[in-house]
Structure formats: C-alpha cells, structure tokens
Amino acid sequence: MNVHDILLGMQYATVSVLFIEIVIVFLRWKNTIHSCLVFACVCSFLSNMGYLFEMKAQSEEAYILAIKFSYIGRVWIAFAFFLFSARICRMKIPKRIILPLVIVHFLIYLSVLTIGSNGLYYRDYKFVADPEFPKFYHSNGSMHDLLMLINLVLVAFAMGWVIRAYRKETHKKVKRRYMTLILAFGVQAESSMTFPCREHWSERYLC
C-alpha cells in the first residue's frame with residue numbers, strides 16, 4: 001500500500017464517519033441546537049466529499065467541478081460552528097449580524113461558481129494531471145481572502161464563547177462536552193488559518 005492509497009483511504013473514512021454522524025444527529029434532532037449541529041455536519045460532509053472528488057479528478061474540468069461542489073459546504077463550515085456555539089453557550093446573535101453574513105457567504109459561493117470566467121475567487125490557476133493526485137496551482141482572489149478573514153473572526157468568537165463557558169461550568173460532565181467543542185474549534189481554527197495550504201494531499205498549492 002502506497003501513500004496514495006493511504007491518503008485516499010483516509011478521505012473515504014472521513015466521509016463515512018461524517019455521514020454516520022449526520023444520521024446519528026438527525027435521529028436525535030429535537031431543537032435548534034441540533035439544527036445548527038446538523039448544518040455543521042452536512043457542510044463538513046459536502047466539503048470532504050468534494051475534496052475526495054478533487055483527489056480523484058483527472059481533468060481540469062472535473063477538478064473545477066469538484067471545487068464548486070466542495071464549496072457548497074466548505075463556504076459555510078465556520079459559520080455553522082459559529083451558530084452552533086452561540087446556541088450551546090446561550091449567546092444571542094442579532095439578525096442585523098446574521099443576515100449580512102448569510103448574504104456575504106452566498107456572494108462568496110457565487111464567486112466560486114464563476115471560477116474560470118473572472119478572478120474574484122482565484123485570480124489565475126493551472127491544473128496539472130498526475131497519476132497519483134492532481135496538482136492545482138493558483139493565486140487567491142479578493143473573495144477567497146474575504147472568506148478566510150470571515151472564517152477566522154467567526155471561529156475566534158465561537159472559541160471564545162466556548163472557553164468562557166468551560167471556565168464557568170462546574171459540572172464535570174458538561175465541562176468535558178465543552179472541552180470536546182474547544183478541541184473541535186481548535187481544529188477548525190487551524191483549518192481556517194492554514195486552509196490555503198492544508199490540501200497538500202493533492203499537492204494543491206494555494207498560497
């Protein structure tokens with residue numbers, strides 16, 4: 001078994017685990033907290049499915065299509081965790097903040113859908129087919145940088161809320177739940193900060 005098979009297997013495993021998680025959360029769906037969690041899980045699932053398609057793409061057209069599919073979920077992941085943490089930490093977010101964020105995220109995804117016809121998300125790019133994993137070199141556009149900035153801000157707020165709740169909580173079981181969330185947000189923060197470079201499995205150099 002070579003590196004290609006190992007990384008591809010890991011991606012299949014990730015997609016499978018996320019799908020199972022969606023089913024479990026869906027079956028236990030009771031309130032708005034579960035709604036936010038389902039949203040986050042579905043976004044992560046779609047993002048990873050798209051990334052799997054990227055890893056298997058053997059043409060530029062297939063790779064760009066995989067990117068567009070992946071971003072159906074990827075563009076919303078940090079926002080979904082932001083909403084989830086707000087609910088679980090009992091933080092009320094005004095509609096005047098939520099609505100503009102939703103609109104901006106939609107606009108960012110529209111810029112992803114127009115990759116190839118303008119330089120809003122990727123200023124330029126080059127696809128290189130490879131027997132193992134495809135290579136995709138590009139420079140980032142303004143909408144890409146905007147998404148990265150928004151992700152960092154949202155994750156910072158989410159992490160701050162959960163850490164504060166963890167420090168105030170006295171019940172050990174609840175504290176463990178908060179610690180799990182802190183670790184999850186830590187991974188999301190790392191992903192947001194290194195997102196342009198994290199896709200090194202397919203040697204997709206983004207920065």
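1. L120 is a convenient place to start: it sits in the loop between helix 5 and strand 1, the latter covering residues 122–128. The model is a predicted one. L120 counts as partly exposed, because its relative accessibility is 40%, and partly exposed covers the range between 20% and 50%. Leaving aside residues up to four places away in sequence, L120 touches S111, G141, S142, M143 and H144. The C-alpha atom of L120 is separated by 9.8 Å from that of D145, although the two residues are 25 apart along the chain.

2. Next, the strands. Strand 1 and strand 2 form a hairpin, with 6 residues between them. Strand 2 takes in residues 135–140, runs antiparallel to strand 1, and is joined to it by 6 bridges. One pairing to look up in the model is that of F127, whose bridge partner in strand 2 is F136.

3. N140 also belongs to strand 2. Is N140 buried or exposed? With a relative accessible area of 13%, N140 is buried, because the limit for that class is under 20%. The side chain of N140 makes a polar contact with the side chain of H138, at 3.4 Å.

4. How many salt bridges does the count come to? The count is 2. As background, side chains of opposite charge can pair when their charged atoms come close. One of the salt bridges is formed by R74 and E54, with the closest N and O atoms 3.3 Å apart. R74 lies in helix 3 (residues 60–74) and E54 in helix 2 (residues 32–56), so this pair ties together parts that are 20 residues apart in sequence. Both R74 and E54 are buried.

5. Another salt bridge joins the side chains of K135 and D130, with an N to O distance of 2.7 Å. K135 is buried, and D130 is buried too. K135 falls within the range of strand 2, residues 135–140.

6. R90 deserves a look at the backbone. Its phi is positive, about 60°, although R90 is not a glycine. Where does R90 lie? R90 is in the loop between helix 4 (77–88) and helix 5 (95–113). R90 counts as exposed because its relative accessibility is 79%, and the exposed class begins over 50%.

7. On the surface, F19, I20, V23, I24, F26, L27 and W29 make a nonpolar patch of about 720 Å². One of these residues, I20, lies in helix 1, which spans residues 3–27. I20 is partly exposed, as its relative accessible area is 48%.

8. Finally, the chain as a whole. It has 7 helices and 2 strands. Read from the N terminus, the order of elements is α-α-α-α-α-β-β-α-α. The chain contains 207 residues, of which 45% count as buried. Among contacts with a separation of 6 or more, 65% are between residues 24 or more positions apart. The exposed area of the chain is about 11,500 Å², and carbon and sulfur atoms supply 67% of that area.

Notes:
Residues are numbered from 1 along each chain as its sequence is written. This is a predicted model: local features need pLDDT of at least 70, side-chain atom pairs count only at pLDDT 80 or more; totals for chains, interfaces and linings use all residues. Side-chain values use heavy atoms; hydrogens and water are left out. Patches are made of residues with over 30% relative accessible area and no salt bridge: like charges are joined within 9 Å, nonpolar side chains (Val, Leu, Ile, Met, Phe, Trp, Tyr) within 5 Å. Accessible areas come from the Shrake-Rupley method with a 1.4 Å probe; for residues, only the protein chains shown count as cover. A salt bridge is a side-chain nitrogen of Lys or Arg within 4 Å of a carboxyl oxygen of Asp or Glu. Helices (H or I, at least four residues) and strands (E, at least two) are DSSP runs, numbered from the N terminus. Buried means under 20% relative accessible area, exposed over 50%, partly exposed in between (1.4 Å probe, protein chains only). Contact means heavy atoms within 4.5 Å. Two strands pair if DSSP finds at least two bridges between them. A polar contact is a pair of N or O atoms within 3.5 Å; within protein, one must be able to donate a hydrogen and the other to accept it, and residues adjacent in sequence count only if both atoms are side-chain atoms.
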